[in-house]
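I set out to record how the strands are arranged and where the nonpolar residues gather. The entries follow the order in which I looked things up.

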Amino acid sequence: MRILATKKLTPIQKSMLKGYDVQQKEMISISYGENFIVNEKISHAIFTSANAVKSVFERNKNKKDNFDNVYCVGAKTKSLLASYGVKVCHVAKNASALAAILVEKEIEDLHFYCGNLRHQDLPLAMAEHGIMVTENVVYQTELSNHCFEMSFDMVMFFSPSGVMSYVNGLNSCNVKAICIGYTTATEAINCFEEVFVAEETTVESVIDKLKEISSH
């Protein structure tokens, strides 16, 4: 069985796929913005990706004390925020679920830290309820749009942009798509007939889901 991982796996992660023919290809590249400094108190901040967290706190060295209430999507994003000493008020599985939580809180304005290819689900949901969202694009995602000469039985996707890059490369969508989370799966559903979502938002969980599906 031939598998495509749309990002480079660690040696331990690859060892979990022993017995499979595994191909690896980075389908996207990330560049972080420089000189993004937060000099004001942010009452309510949203992070929906680990890359946004890295840009704000690692690359641009912003202080956690400037962020009063922080909300995020995914366990990985929450864990990374915690590593920088940022306490997360609420974490949700996807942007829609987070939007529902924020609406209930009757917040007037939010700061959304995101990439250039962010989905508009959350800002649109906030706009419907009269909540102002300030979008701060703190990293750039570039798609490789690589076209593979070989075919695959299953493809592991780790971001919506990874799905977009694979599809833009005119690769076959007649494969099983194994996705790291619901936001990625939502993008995949547009092109793939068989889409599966990992139990947790980790690479290891995606691999576990792939092995579960392939054993059936």
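The entries below concern the sheet first and the nonpolar cores afterwards.

Entry 1, the sheet. I worked on a predicted model. I looked up the strand order and found an open sheet of six strands with mixed pairing, arranged β3-β8-β7-β4-β5-β6. The edges are formed by β3 (28–32) and β6 (88–92); each has a single partner strand, so one side of each has no neighbour in the sheet. I noted an average turn of 25 degrees between neighbouring strands, direction ignored.

Entry 2, one strand pair. I then examined β4 (residues 42–47) and β7 (residues 109–115), which pair in the parallel sense over three bridges. Ala 45 has His 111 in β7 as its bridge partner.

Entry 3, a helix on the sheet. I found that α6 (residues 160–168) lies across β3 and β8 (132–143) and runs at about 45 degrees to β8.

Entry 4, the largest core. I looked up the largest nonpolar core, which has 20 residues. Phe 47, Phe 57, Phe 67, Leu 81 and Tyr 113 have the most contacts inside it. Two or more residues each come from β4, α2 (50–59), β5 (67–73), α3 (75–83) and β8. The largest share, five residues, is given by α2.

Entry 5, Leu 81. Setting aside neighbours within four places in sequence, I listed the contacts of Leu 81 as Phe 47, Val 53, Phe 57, Val 70, Cys 72, Val 86 and Val 88.

Entry 6, another core. Apart from the largest core I recorded another, of 17 residues, including Ala 92, Ala 95, Cys 114 and Met 126.

Definitions and conventions. Residues numbered from 1 in each chain as written. Predicted model: local features only at pLDDT ≥ 70, side-chain atom pairs only at ≥ 80, totals over all residues. Heavy atoms only, no water. Pairing = 2+ DSSP bridges. Helix = DSSP H or I, 4+ residues; strand = E, 2+ residues; numbered from the N terminus. Axes fitted to C-alpha atoms, helices over the stretch in contact; angles between N-to-C directions. Contact = heavy atoms within 4.5 Å. Core = buried A, V, L, I, M, F, W, Y, C linked by side-chain atoms within 4.5 Å. Buried < 20%, exposed > 50% of the residue type's maximum accessible area, 1.4 Å probe, protein only.
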